[in-house]
Amino acid sequence: MPTSAERRTQPRLRSLPARILPRLDRREVAAVFAGGAVGTLLRAALSEAFPHSPTSWPWPTFAVNVVAAFLLGYFVTRLLGTGMCGGLSTFSTMQVELLKMIDAGAYGLALGYAAASVAAGYLAIHLATAAVRRVWVPR
């Protein structure tokens, strides 16, 4: 049993709050769901409207990823980016397209596509956040 001096030097354990998880805001969940649905439908429609072969540049995926990066750079500053940009961008499709290019022997195209996608995405985010910083917001 610890002495009174030992009890005074031991750190006290704080009691955990009764609610550990954050409270769900149904409006936020609905906004993320609606934005994700709209973004996914837009991306799917573009992919269907503009099909491509494994040895050609996948413009629909490239375009939506760059646009989504730009929108994310804008919306994150406004706290609205999660749903629509997550649904619109499709890095999993980009990976599948890269694998198809590699399987088809289009190594240079795959390398160029991967590099251009990352570079254009970062540039889009930079441009969007720079544009948002320049906008005057009345206080």
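Begin by selecting helix α2, where Gly-35, Gly-36, Gly-39 and Arg-43 are buried; buried means under 20% relative accessible area, exposed means over 50%, and partly exposed lies in between, using a 1.4 Å probe and protein chains only. The word helix stands here for a DSSP run of H or I with at least four residues, a strand is a run of E with at least two, and both are numbered from the N terminus. The model on your screen is predicted, so local features need pLDDT of at least 70 and side-chain atom pairs count only at pLDDT 80 or more, while totals for chains, interfaces and linings use all residues. Residues are numbered from 1 along each chain as its sequence is written, and side-chain values use heavy atoms, with hydrogens and water left out.

**The whole chain**

Colour the chain by secondary structure, and you should find 6 helices and 0 strands, which read along the sequence as the pattern α-α-α-α-α-α. Of the 139 residues in the protein chain, 27% count as buried. A contact means heavy atoms within 4.5 Å, and among the contacts between residues at least 6 apart in sequence, 72% join residues at least 24 apart.

**Helix α2 and Gly-39**

Return to helix α2, which covers residues 26–49, and place a distance label between its end C-alpha atoms, which are 34 Å apart; this agrees with the 34 Å that its 24 residues should span at 1.5 Å a residue, where the expected span is 1.5 Å times one less than the number of residues. Next, select Gly-39, which lies in this helix and counts as buried because its relative accessibility is 0%. If you then add Val-64, which is 25 residues from Gly-39 in sequence, you can see that the two C-alpha atoms are 9.3 Å apart in space.

**The aromatic rings**

Now show the side chains of Phe, Tyr and Trp, since a search of the whole structure finds 5 aromatic pairs. Rings, taking the six-membered ring for Trp, pair if their centres lie within 6.5 Å, and planes under 30 degrees apart count as stacked, over 60 as edge-to-face and the rest as tilted. Which four residues form one aromatic cluster? They are Trp-57, Trp-59, Phe-62 and Tyr-113.

Within that group, look at Trp-57, which is partly exposed with a relative accessible area of 22%, and at Trp-59, which counts as exposed at 54% relative accessibility. Trp-59 makes an edge-to-face pair with Phe-62, with 5.8 Å from centre to centre and 85° between the planes. Both Trp-59 and Phe-62 belong to helix α3 (residues 59–76), where they sit 3 residues apart, about one turn of the helix. Phe-62, unlike an exposed residue, counts as buried, because its relative accessibility is 14%.

**From helix α3 to Ala-124 and Leu-127**

Stay on helix α3 and select Val-67, which has its place there and is partly exposed, with a relative accessible area of 41%. The C-alpha atoms of Val-67 and Ala-124 are separated by 7.4 Å, although the two residues are 57 residues apart along the chain.

Move on to Phe-70, also placed in helix α3, which counts as partly exposed at 38% relative accessibility. Its C-alpha atom and that of Leu-127, 57 residues apart along the chain, are separated by 7.2 Å. Leaving aside neighbours within four places in sequence, Phe-70 is in contact with Ala-124, Ile-125, Leu-127 and Ala-128.

**Helices α5 and α6**

Finally, select helix α6, whose 28 residues reach 41 Å from the first C-alpha to the last, close to the 40 Å expected at 1.5 Å a residue. Many residues can be highlighted here as buried, including Tyr-113, Ser-117, Gly-121, Ala-124 and Ala-128.

Add helix α5 (residues 91–103) beside helix α6 (residues 107–134), and note that their axes come within 8 Å and cross at roughly 160°. That angle makes α5 roughly antiparallel to α6, where angles under 35 degrees count as roughly parallel, over 145 as roughly antiparallel, 65 to 115 as roughly perpendicular and the rest as oblique. The axes are lines fitted to C-alpha atoms, for helices over the stretch in contact, and the angles run from 0 to 180 degrees between N-to-C directions. To view the meeting place itself, show Met-94, Glu-97, Leu-98, Met-101 and Ile-102 in α5, which meet Tyr-107, Leu-109, Ala-110, Tyr-113, Ala-114 and Ser-117 in α6.
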